[in-house]
Amino acid sequence: MDVRVYKSPFHAVRSLNSGTSSVLFIGDCIELIRNMPDESVDLTITSPPYCMGKEYEKSRSVKDFIAAHKIILPEIVRITRSGGSICWQVGNHVSNQSVYPLDYAIFSVLGEMKEVTLRNRVIWTFGFGMHQSSRFSGRHETVLWFTKGSDYFFDLDAVRAPQKYPGKRRYKGPRKGEFSCNPKGKNPGDVWEIPNVKAAHVEKIGHPCQFPVALAERLVRAMCPKEGIVFDPYMGSASTGVAATINSRRFLGAEINRGYQDMAYRRLLSAHEGTARIRPLGRPIYVARPGDSVAQRPEHFLEVFQ
Ligand SMILES: C[S@@+](CC[C@H](N)C(=O)[O-])C[C@H]1O[C@@H](n2cnc3c(N)ncnc32)[C@H](O)[C@@H]1O
């Protein structure tokens with residue numbers, strides 16, 4: 001199984017350069033990145049700490065989040081190949097019910113760098129999360145997608161979604177009566193509904209902030225050529241690594257927390273063996289059937305809605 005783990009950034013980079021499919025670095029991602037050559041990564045997909053007081057976070061301040069990103073983002077741009085992509089997935093920082101959208105901070109740094117261009121601000125929406133009573137409950141996060149240069153890799157056909165009305169026909173013009181939709185499927189758009197990894201989600205393995213493999217999978221297929229290198233500096237449980245592996249891309253990840261590193265290692269091994277538990281990208285969102293018990297309205301609900 002071609003999954004290797006290193007404590008030395010030098011050896012991690014050397015292993016990747018010699019063709020290892022999945023390389024995990026245990027330590028601070030900045031240490032690893034500083035050992036990585038220029039233009040050596042096709043695609044970075046990551047979700048950094050949001051400074052929300054999770055067990056793996058030292059700070060709770062947006063100021064520190066911005067300061068850390070002023071260091072890491074220029075380095076990420078340096079290691080990205082010309083024509084490569086950077087996908088930064090973030091939500092909101094919330095303090096005393098005051099909301100700061102963290103993608104503003106990311107844009108304020110990357111938007112100033114002439115080497116990269118923002119291509120999409122993808123809204124990732126999901127059905128579950130904390131209930132709020134003094135504002136609307138948050139049910140989306142974002143992915144900012146930047147490319148390095150304008151001649152960039154983008155394989156739309158690899159991520160097309162089923163057409164909503166495949167049998168639709170042209171209703172006027174010389175081709176009137178012909179089917180009008182692209183038979184390969186539609187562009188998935190920039191609002192993606194993908195269940196988050198909560199409750200009984202099949203991918204849940206104990207990391208407090210896993211994103212779904214399907215989210216990373218769409219980015220991997222569209223933005224990285226086969227056998228290309230996908231990097232996740234804040235790897236967590238290696239959801240990005242699983243997406244890369246099951247789609248025949250190589251992976252480099254960094255994780256500072258020993259427990260999560262073990263989790264990531266085991267998960268990557270299972271991805272290489274073909275046994276990783278995954279919710280497929282194309283699986284429809286669950287909707288209860290009218291006869292299901294969860295779809296029945298209890299008596300006291302009726303009084304409220306009358
Ligand atoms: C939001 S989580 C990423 C979760 C991941 N996307 C997944 O699906 O499992 C951020 C991760 O970054 C790790 N981390 C924080 N600071 C780090 C650093 N300086 N270098 C490497 N990893 C770091 C944390 O331990 C945590 O696991």
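In which sense, parallel or antiparallel, do strand β7 (residues 116-125) and β8 pair, and over how many bridges? In this predicted model, the two strands pair in the antiparallel sense, and nine bridges connect β7 with β8. Strand β8 (residues 140-148) also has a second partner, since six bridges join β8 to strand β4 (residues 80-90), and these two strands likewise run antiparallel. Thr-147 of β8 illustrates both pairings, for this residue is the bridge partner of Thr-117 and also that of Ser-85. Strand β8 is mostly covered, with eight of its nine residues buried.

A helix with many buried residues is found further along the chain. Seven of the eight residues of helix α6 (residues 239-246) are buried, and the helix is therefore largely enclosed by the rest of the structure. The buried residues, which include Gly-241, Val-242, Ala-243 and Ala-244, pack against the strands β2 (22-26), β3 (41-46), β10 (229-232) and β11 (250-255), as well as against the helices α5 (213-223) and α7 (258-273). Just after α6, Ser-248 adopts a positive phi of about 60 degrees.

In soluble globular proteins, nonpolar side chains tend to be buried together. The largest nonpolar core of the model comprises 66 residues, and those with the most contacts inside it are Ala-216, Val-220, Val-230 and Ala-264. Helix α5 gives the most to this core, contributing seven residues. When residues up to four places away in sequence are not counted, Val-220 touches Leu-43, Val-230, Ala-243, Ala-244, Asn-247 and Arg-249; among these contacts, Ala-243 and Ala-244 belong to the buried residues of α6.

How values were computed
Residues numbered from 1 in each chain as written. Predicted model: local features only at pLDDT ≥ 70, side-chain atom pairs only at ≥ 80, totals over all residues. Buried ≥ 20, exposed ≤ 12 C-beta atoms within 10 Å, placed from the backbone. Helix = DSSP H or I, 4+ residues; strand = E, 2+ residues; numbered from the N terminus. Contact = placed C-beta atoms within 7 Å. Core = buried A, V, L, I, M, F, W, Y, C linked by C-beta atoms within 7 Å. Pairing = 2+ DSSP bridges.
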